[in-house]
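Student: Could you take a close look at one part of this with me, any contact there is between domains? I'd like to start there and then work outwards, with enough detail to follow on screen.

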Amino acid sequence: MIETIDLKKGFGDKTVINGVSATFKSGQCNLIIGTSGSGKTVLMKCLVGLFEPDSGSIIYDKRNFTEMDEHERKQLRQQIGMLFQGSALFDSQTVQQNVMFPLDMFTNLTYKQKCKKVNETLDRVNLKDANRKFPAEISGGMKKRVGIARAIVLQPKFLFCDEPNSGLDPQTSLLIDKLIHEITVEFKITTVINTHDMNSVMEIGDHILYMYQGQKEWEGNNKEIIYNKNQKLNDFIFASEFLKDAKAMRMIEIERGEK
Ligand SMILES: Nc1ncnc2c1ncn2[C@@H]1O[C@H](COP(=O)(O)OP(=O)(O)OP(=O)(O)O)[C@@H](O)[C@H]1O
């Protein structure tokens, strides 16, 4: 579990995160949504320590991240997996080398042990027989799976995904979402996902945090979002005719008890 308490972050005289208190539970996909510039990325960067908040606290399983020294943070980082936008794979390295990278960095395992772990993890993300391929030789969806494999190879307790569906077609996005959700539940990971993808919100939004101008404007789950009465949130999610129709269909499904 990760908690933020009255978190604030600004740049110069501009406040970007303005007193966000939130709880991200384990075994759940916690989605952060909001318009461009609402502070999603800055919030996530504060959570992982890439930005220092100006005030407030970040608590990882009762450990105060904001008060940790560099040594303690380094230890905690070993429990954190990150899936970056565009997968951020090393182009000159094979799939196997990419996934092995965190094991090289953080463990003293033998090469044989590392290979075993890499193979088990690639299996888990349904990527067999790709070990020797280079990123340029595989599809966007496969790259994303490699990114996920690299993020979970150390069996993290916390997983951060920045726009995991960027650049993927809707069908592949759905598969990647499902994979992230399955892994989250299976390993009881606290997963935090920054997304613009409304399909993800509906499919895997166990907990959704809607950011508006640096503040937590609304939170709830993917059922509650359908019925929410928050005008700003509704303006945001139902901005398109398609989503309005999707909402109407979804409400009919829920009323019929189909999901
Ligand atoms: N390093 C920085 N220095 C100064 N301002 C920054 C910095 N990083 C972000 N900001 C500002 O903080 C605000 C929030 O940016 P952020 O990237 O968190 O938005 P976002 O919600 O993630 O948007 P998007 O959906 O477009 O990624 C923006 O106004 C941005 O210009």
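Tutor: Before we talk about domains at all, a word on where they start and stop: the bounds come from an automatic or database domain assignment. Also keep in mind that this is a predicted model. The assignment divides the protein chain into domain 1, residues 2-222, and domain 2, residues 228-258. Take the C-alpha centre of each domain, and the two points are 27 Å apart. Where the domains meet, each one puts in eight residues.

Now zoom in on the domain 1 side of that contact. Helix H7 (198-204) and strands E9 and E10 each bring at least two residues to it. E10 has the largest share, with three residues. Sort the domain 1 side by class and you get five nonpolar residues, two polar ones and one charged one.

Two of those contributors, E9 and E10, belong together. E9 covers residues 207-212 and E10 covers 215-220, and they pair antiparallel through five bridges. Together they make a hairpin with two residues between the strands. To find the turn on screen, look for Tyr212, which sits across from Gln215 in E10. Then check the backbone at Gln213 in the turn, where phi is positive, about 45°.

Another spot worth clicking on is Phe238, in the loop that links helix H9 (231-237) to helix H10 (241-256). Is Phe238 buried or exposed? It counts as partly exposed, because it has 16 C-beta neighbours inside 10 Å, and a buried residue would need 20 or more, an exposed one 12 or fewer. Measure across from Phe238 to Met202 and you'll get 13 Å between the C-alpha atoms, with their places 36 residues apart in the sequence.

Working outwards, go to the sheet at the other end of the numbering. Four strands form an open sheet here, in the order E2-E1-E4-E5, with antiparallel pairing. Its edges are E2 (14-24) and E5 (63-64), each with a partner on one side only. E5 is held to E4 (residues 55-60) by two bridges, and the two run antiparallel. You can pick out the register there from Ile59, which stands opposite Asn64 of E5.

One residue that helps you get your bearings in this sheet is Lys8, which is in strand E1. Lys8 comes out as partly exposed because 16 other C-beta atoms lie within 10 Å. Leaving out residues up to four places away in sequence, Lys8 touches Thr15, Ile17, Asn18 and Gly19, as well as Pro53, Asp54, Ser55 and Gly56. Cys46 is 38 residues from Lys8 in sequence, but C-alpha to C-alpha they are 9.4 Å apart.

Helix H1 (residues 40-48) lies across E1 (2-11), E2 and E4, and runs at about 60° to E2. H1 also takes us to the ligand, since the largest share of the shell around it, three residues, comes from this helix. The residues around the ligand are Phe11, Val16, Gly34, Ser36, Gly37, Ser38, Gly39, Lys40, Thr41 and Val42. By class, that makes three nonpolar, six polar and one charged.

How values were computed:
Residues numbered from 1 in each chain as written. Predicted model: local features only at pLDDT ≥ 70, side-chain atom pairs only at ≥ 80, totals over all residues. Pairing = 2+ DSSP bridges. Contact = placed C-beta atoms within 7 Å. Axes fitted to C-alpha atoms, helices over the stretch in contact; angles between N-to-C directions. Near = placed C-beta within 6 Å. Nonpolar A, V, L, I, M, F, W, Y, C, P; charged D, E, K, R; others polar.
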